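The following exercises concern charged side chains and their surroundings, and each is followed by a worked solution. Please study the sequence and the model before reading on.

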Amino acid sequence: METRNLTCIGCPLGCAMQVTLDNGEITSVTGNTCKRGDVYARKEVTHPTRIVTSTVRVSGGDTAMVSVKTEHDIPKEKIMDIMKSIAGIQVKAPVHIGDIILENAAGTGVNMVATKDVAAI
């Protein structure tokens, strides 16, 4: 038997949870006060994912950088691949919220999008 301790991020309560595994199979999730906690714990233990946020350089804009994020969560093991792929990107202003900055980031099928507007100068 293996036990993993997690702090839930499914809602603002931040429940301290325990996930018990037997030969890699989840046998119980305890400590959660809502269903989202159970869902989060099972996903975190079997296939952890994250939303990636960062910045990308902008040329000809009223600011030098634009904030970006993945449209959806991606497998945790792809985070560094995504960061490497956006490191060399520079976009031209204007940039608008929701503009796709990088399609299919690191082969995940998920796009990186702008999270703020950058006006052209």
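**Exercise 1.** Does Glu44 count as buried or exposed, and at what relative accessibility?

The model is predicted, so that local features need pLDDT of at least 70 and side-chain atom pairs count only at pLDDT 80 or more, while totals for chains, interfaces and linings use all residues. Residues are numbered from 1 along each chain as its sequence is written, and side-chain values use heavy atoms, with hydrogens and water left out.

*Solution.* Begin with the cut-offs: buried means under 20% relative accessible area, exposed over 50%, and partly exposed in between (1.4 Å probe, protein chains only). Glu44 counts as buried because its relative accessibility is 15%. Next, take its partner: Glu44 forms a salt bridge (a side-chain nitrogen of Lys or Arg within 4 Å of a carboxyl oxygen of Asp or Glu) with Arg50, with the closest N and O atoms 2.9 Å apart. Arg50, at 24%, is partly exposed.

**Exercise 2.** Locate the residues that form a salt bridge with Asp38 and with Asp73.

*Solution.* First, Asp38 meets Arg42 in a salt bridge of 3.0 Å, N to O. Both residues belong to helix α1 (residues 35–46; helices are DSSP runs of H or I with at least four residues, strands runs of E with at least two, numbered from the N terminus), where they are four residues apart, about one turn of the helix.

Second, Asp73 pairs with Lys43, the closest N and O atoms lying 2.6 Å apart. This pair links distant parts of the chain, 30 residues apart, since Asp73 sits in the loop between β6 (65–70) and β7 (74–75) and Lys43 in helix α1. Asp73 is partly exposed at 32%, and Lys43 is partly exposed at 37%.
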